[in-house]
Amino acid sequence: MSTTPRRRDLLRGLAGMMAALCLDTGPAWGQPRRGGGPSGLPPVPQGGPKILDVHAHLLRTPQSDLRDAVRPALEAMDRLEIARTLLMPPPQPPGSRMPYDFDSLLPLIQPHADRLGFLGGGGTLNPMLHRNVPVTDSVRHDFTAAAERIVRAGAAGFGEITAHHVSYFPQHPYETVTADHPLLRLLADIAQRYDVPIDLHLDPIPQDMPTPPRLAERSSANPRVLAANIDGFERLLGHNRGARIVWAHAGRDTLGTWTVALTRRLLERHPNLFLSLSMHPPFGVVAENSLLDAAGQANPAWVDLLRDFPDRAVVGSDFFHQATGRDASTLPPPTAAVRRFINALPAELARKVAHGNAMQLYRQKIA
Ligand SMILES: [Zn+2]
């Protein structure tokens, strides 16, 4: 794979972000502080139900292609007793130099179809959504055609799509559209028609708010003020009750707004809303809203919420699986947090959250 200077910058930025991430979050998340390998990891809790991970990525780096990340992904899955993973392209902005979507994943997944599946749209639908052009009939036509291509290829859903995604480092895009954008409404209708969920990244912003200083410092791509999006999100959820929307990265609060109380209110009001619980620490999470506390114990407020809505949550680790050995310092390895949280739940709830709900929602089987 040839690598442009701009792409190298981007990857360096990502590496820096992830290095900072390790330092920010520390070993409570199951990460070595720096430079650690698998041998530096704390032991993985054993036992508990198998996991169906509905949200993970393969990472390309200057030295390695997507295919080099497949084996490490399978090995991490073995280690954490993840029976099946749905891989998806990240939500890419328009004009990416090297966009990729499900087509790039398909040949890598096919030899491991018993353990790997996929979602699509992050490299096609998401750039179309963020193009900021009038939604004419021809735009709707093209968008629908792209979405139908994804479903016909066997995707388990549409993802990763974003309506609001802060920028974590200078070369990382800031992405925002109104949360009930006409193309998101259209996607909801298509998702309902084909009975597949939408994996949606939406950093919740209940009211207009200044960008938290640590994010403003991280990237000048972030605006000074973040515009409210929860009302729009609720309009999207109400637009088509037959469209199931999976809110990605629940339990990982980057803005200080993703509270259990907000999540509870939206789950009560919107029966077509589901949560995918992220176990991959981004930088600077707001600790009190996290799934696990600093000591690695399950947050009782989240556990209570899941007890009250036992059918509405799945595991979406957000792991970025990557080649080992070459760029091992760029990203922390998948953490055992996912296993630790699942194993802390009461047995029947753990089974549902670990795989039962995801099998139904994404129509998957696990071995
Ligand atoms: Zn995301």
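Me: How much of the chain counts as buried, and what makes a residue buried?
Reply: In this predicted model, 60% of the 367 residues of the chain count as buried. A residue is called buried when its relative accessible area is under 20%. The chain holds 12 helices and 13 strands. Among contacts between residues at least 6 apart in sequence, 80% join residues at least 24 apart.

Me: Why is A163 called buried?
Reply: The relative accessibility of A163 is 1%, and buried means under 20%, so A163 counts as buried. A163 is found in strand 5 (residues 158-165). Leaving out residues up to four places away in sequence, A163 touches E175, T176, V177, A179, L184, L200, H201 and L202. From A163 to G232 the C-alpha distance is 9.9 Å, with their positions 69 residues apart in sequence.

Me: What makes E160, H201 and H249 donors of the zinc ion?
Reply: A donor atom must be an N, O or S atom within 2.8 Å of the metal. E160 (OE), H201 (ND1) and H249 (NE2) coordinate the zinc ion at 1.7 to 2.3 Å, so these atoms satisfy the cut-off. Along the chain the donors follow the spacing E-x40-H-x47-H. H201 belongs to strand 7 (residues 198-202) and H249 to strand 10 (residues 245-250), so the pair ties together parts 48 residues apart in sequence. Both H201 and H249 are buried.

Me: What makes a set of residues a nonpolar core, and which residues have the most contacts inside the largest one?
Reply: The members of a core are buried nonpolar residues joined through side-chain atoms within 4.5 Å. The largest such core has 85 residues, and F158, F233, L277 and F341 have the most contacts inside it. Helix 6 (residues 182-194) supplies the largest share of this core, seven residues. A second, separate core of 12 residues includes L52, V54, M88 and V314.

Me: Which residues are in contact with L277, leaving aside its neighbours within four places in sequence?
Reply: L277 is in contact with A250, L291, L306, A313, V314, V315, G316, S317, F341 and V353.

Me: How do you know that D78 and R115 meet in a salt bridge?
Reply: A salt bridge requires a side-chain nitrogen of Lys or Arg within 4 Å of a carboxyl oxygen of Asp or Glu. For D78 and R115 the N to O distance is 2.7 Å, so the pair qualifies. D78 lies in helix 2 (residues 70-80) and R115 in the loop between helix 3 (102-109) and strand 3 (116-118), so parts 37 residues apart in sequence are tied together. With a relative accessibility of 18%, R115 counts as buried. The whole structure contains 14 salt bridges.

Me: What makes R149 and D103 partly exposed?
Reply: Partly exposed values fall between the 20% limit for buried and the 50% limit for exposed. R149 has a relative accessible area of 46% and D103 a relative accessibility of 35%, so both are partly exposed. Their side chains meet in a salt bridge at 2.5 Å, N to O. R149 lies in helix 5 (residues 137-152) and D103 in helix 3, so this pair ties together parts 46 residues apart in sequence.

Me: Why do R363 and D195 count as a salt bridge?
Reply: Their N to O distance is 3.8 Å, and the cut-off is 4 Å, so the pair counts. R363 lies in the segment after helix 12 (347-361) and D195 in the loop between helix 6 and strand 7, 168 residues apart. D195 is partly exposed, with a relative accessible area of 36%. Elsewhere, salt bridges that share partners join E148, R152 and R193 into one network.

Me: Why is R84 said to have no salt bridge?
Reply: The nearest side chain of opposite charge, D114, is 6.3 Å away, whereas a salt bridge needs 4 Å or less, so R84 has none. R84 is nevertheless buried, in strand 2 (residues 82-87). A polar atom of the R84 side chain lies 3.3 Å from the backbone oxygen of D114. Beyond its neighbours within four places in sequence, the contacts of R84 include I51, L52, M77, D114 and Q364.

Me: Which residues of helix 2 are buried, and what do they pack against?
Reply: In helix 2, V70, P72, A73, L74, A76, M77 and L80 are buried. They pack against strand 1 (51-58), strand 2, helix 3, strand 3, strand 13 (319-321) and helix 11 (337-344). Just after helix 2, E81 takes a positive phi of about 55°.

How values were computed: Residues are numbered from 1 along each chain as its sequence is written. This is a predicted model: local features need pLDDT of at least 70, side-chain atom pairs count only at pLDDT 80 or more; totals for chains, interfaces and linings use all residues. Side-chain values use heavy atoms; hydrogens and water are left out. Buried means under 20% relative accessible area, exposed over 50%, partly exposed in between (1.4 Å probe, protein chains only). Helices (H or I, at least four residues) and strands (E, at least two) are DSSP runs, numbered from the N terminus. Contact means heavy atoms within 4.5 Å. Donors are N, O and S atoms within 2.8 Å of the metal (3.2 Å for Na, K and Ca); water is not among the atoms, so sites may look incomplete. Lys and Arg count as positive and Asp and Glu as negative; His and the chain ends are not counted. A polar contact is a pair of N or O atoms within 3.5 Å; within protein, one must be able to donate a hydrogen and the other to accept it, and residues adjacent in sequence count only if both atoms are side-chain atoms.
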